[in-house]
Amino acid sequence: MITGIHHVNLLVPEGTLDDAFAFYGETLGLQSTPVPQLQRGTIAWFNIGEASGQQIHIAFGQNDPKASRHPCFRIGSLEELQTLQKRIWDHHMRGGSSAPMAADQPGEQNSGAKGVEYPSRFFARDYAGNRLEFTL
């Protein structure tokens with residue numbers, strides 16, 4: 001029986017692990033964790049929370065930058081959701097190799113489907129085109 005998600009694997013262009021550490025580690029605040037020795041330099045793993053057992057894995061590959069598939073990250077409070085959205089938006093506006101390709105602007109409507117089922121959420125696309133959703 002399925003009891004949760006162990007990890008989600010996202011693709012980034014070869015040679016951009018430093019950008020993954022900047023975006024997923026610094027901007028999103030995920031904690032990097034060691035990878036198997038034989039795979040160092042080719043993948044990165046990030047823990048979601050301190051004890052959830054859930055991770056984001058980053059591997060080299062190509063994305064369709066318009067794909068709708070995405071992981072959705074649960075955020076603990078509305079204040080934390082808004083703080084993270086501002087941090088992602090600021091990184092998007094600042095630019096740079098690890099900057100998100102797109103991000104919903106704080107205070108504006110999100111780019112996802114509309115409805116009462118989605119009261120508080122936003123979307124971004126990381127520097128490699130992976131679509132990411134953030135919600136309560």
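Which hand does the crossing of α1 and α2 have? In this predicted model, the crossing of the two helices turns out to be right-handed. The axes of α1 and α2 come within 11 Å, and the angle where they cross is roughly 150°. With anything over 145 degrees counting as roughly antiparallel, the pair α1 and α2 therefore falls into that class. On the α1 side, the residues that meet the partner helix are Phe23, Glu26 and Thr27, while α2 brings Leu84, Arg87, Ile88 and His91 to the contact. Sorted by class, that contact is a mix of three nonpolar, two polar and two charged residues.

Helix α1 deserves a closer look. It spans residues 17-27, and eight of its eleven residues are buried, so the rest of the structure largely encloses it. The buried set runs through Leu17, Asp19, Ala20, Ala22, Phe23, Tyr24, Gly25 and Thr27. As for what does the covering, the list includes strands β1 (7-12), β3 (43-48), β4 (54-60) and β8 (131-135), together with helix α2 (78-94). Phe23 and Thr27 thus turn up twice, as buried residues of α1 and as part of its contact with α2. An α-helix has 3.6 residues a turn, so residues three or four places apart point the same way.

Thr27 makes a handy case study at this helix-helix contact. This residue of α1 has a relative accessible area of 6%, under the 20% cut-off, and so counts as buried. Setting aside neighbours within four places in sequence, Thr27 is in contact with Ala22 from its own helix, and with Leu84, Arg87, Ile88 and His91, the very residues that α2 offers to α1. Just past the end of α1, Gly29 takes a positive phi of about 80°.

Next comes the sheet that α1 sits against. Four strands make up an open sheet in the order β1-β4-β3-β2, and their pairing is mixed. At the edges are β1 and β2 (31-33), each of which pairs on one side only. Ignoring direction, neighbouring strands here are turned by 30° against each other on average. Within the sheet, β2 and β3 run antiparallel and are joined by three bridges; in one of the pairings, Thr33 has Trp45 of β3 as its bridge partner. Helix α1 packs on this sheet and touches β1, β2, β3 and β4, with its direction making about 10° with that of β3.

Elsewhere in the chain, β7 (residues 121-125) is another mostly covered element, with five of its five residues buried. Arg121, Phe123 and Arg125 point one way from the strand, Phe122 and Ala124 point the other way, and both sets are buried. That puts two arginines of β7, Arg121 and Arg125, among the buried residues.

Strand β7 also has pairing partners. With β6 (residues 102-103), β7 pairs in the antiparallel sense over two bridges, and Ala102 has Arg125 as its bridge partner in β7. With β8 the pairing is antiparallel too, this time over five bridges, and Phe122 stands opposite Phe134 of β8. Strands β7 and β8 form a hairpin with five residues between them, and Gly129 in the turn takes a positive phi of about 95°. Strand β8 is also one of the elements that cover the buried residues of α1.

Methods. Residues are numbered from 1 along each chain as its sequence is written. This is a predicted model: local features need pLDDT of at least 70, side-chain atom pairs count only at pLDDT 80 or more; totals for chains, interfaces and linings use all residues. Side-chain values use heavy atoms; hydrogens and water are left out. Buried means under 20% relative accessible area, exposed over 50%, partly exposed in between (1.4 Å probe, protein chains only). Contact means heavy atoms within 4.5 Å. Axes are lines fitted to C-alpha atoms, for helices over the stretch in contact, and angles run from 0 to 180 degrees between N-to-C directions. Angles under 35 degrees count as roughly parallel, over 145 as roughly antiparallel, 65 to 115 as roughly perpendicular and the rest as oblique. A crossing is left-handed if the near helix is turned anticlockwise from the far one by less than a right angle, and right-handed if clockwise. Ala, Val, Leu, Ile, Met, Phe, Trp, Tyr, Cys and Pro count as nonpolar, Asp, Glu, Lys and Arg as charged, and the others, Gly among them, as polar. Two strands pair if DSSP finds at least two bridges between them.
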